[in-house]
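Trainee: I'm new to this structure and would love a close look at one part of it. Could you pick a single helix and walk me through it, then show me how it sits in the whole chain?

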Amino acid sequence: MWWQMWWVWVVAGGVLAIAELLVPAFVFLGFACGAVVTGLLVLAGALGGSWAPMVFVFAVASLGAWFGLRAVFGRHEGQVKVWEKDVND
């Protein structure tokens with residue numbers, strides 16, 4: 001039965017990716033990556049049939065994806081533009 005759970009993780013990842021598009025929070029994308037990675041590992045048979053390793057891999061993959069995405073796409077030093085002159089002047 002555990003081999004049938006992989007699509008649930010992948011669909012959950014898709015739903016979380018859509019939620020990231022609808023809610024500008026930059027939170028759901030890491031969870032979406034974690035869910036897809038967990039689904040692919042369940043499909044490969046690497047996690048067995050218990051929920052505990054699946055949830056652990058989901059948590060670790062989500063946290064790693066969030067930190068990785070934050071490092072690549074996050075706000076970097078000096079990125080904020082400060083306007084010193086008004087456009088109407």
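Mentor: Happy to! Let's start at Val 8, which has a relative accessibility of 41% and therefore counts as partly exposed, since that class lies between the 20% limit for buried and the 50% limit for exposed. Please keep in mind that this is a predicted model. Val 8 belongs to helix α1, which covers residues 6–22.

Val 8 also has company on the surface: together with Trp 7, Val 11 and Val 15, Val 8 makes up a nonpolar patch. The accessible area of these four residues adds up to about 380 Å².

Now move along to Gly 14, another residue of helix α1. Gly 14 is partly exposed as well, because its relative accessibility is 31%. From here you can look across to Ala 32: the two residues are separated by 18 positions in sequence, while their C-alpha atoms are 6.6 Å apart in space.

Let's step back to the whole chain. Helix α1 is part of a chain with three helices and zero strands, and reading along the sequence gives the pattern α-α-α. Of its 89 residues, 21% are buried. The accessible surface of the chain is about 6600 Å², and carbon and sulfur atoms account for 72% of that. As for contacts, take those between residues at least 6 apart in sequence: 61% of them link residues at least 24 apart.

Key: Residues are numbered from 1 along each chain as its sequence is written. This is a predicted model: local features need pLDDT of at least 70, side-chain atom pairs count only at pLDDT 80 or more; totals for chains, interfaces and linings use all residues. Side-chain values use heavy atoms; hydrogens and water are left out. Helices (H or I, at least four residues) and strands (E, at least two) are DSSP runs, numbered from the N terminus. Buried means under 20% relative accessible area, exposed over 50%, partly exposed in between (1.4 Å probe, protein chains only). Contact means heavy atoms within 4.5 Å. Accessible areas come from the Shrake-Rupley method with a 1.4 Å probe; for residues, only the protein chains shown count as cover. Patches are made of residues with over 30% relative accessible area and no salt bridge: like charges are joined within 9 Å, nonpolar side chains (Val, Leu, Ile, Met, Phe, Trp, Tyr) within 5 Å. A salt bridge is a side-chain nitrogen of Lys or Arg within 4 Å of a carboxyl oxygen of Asp or Glu.
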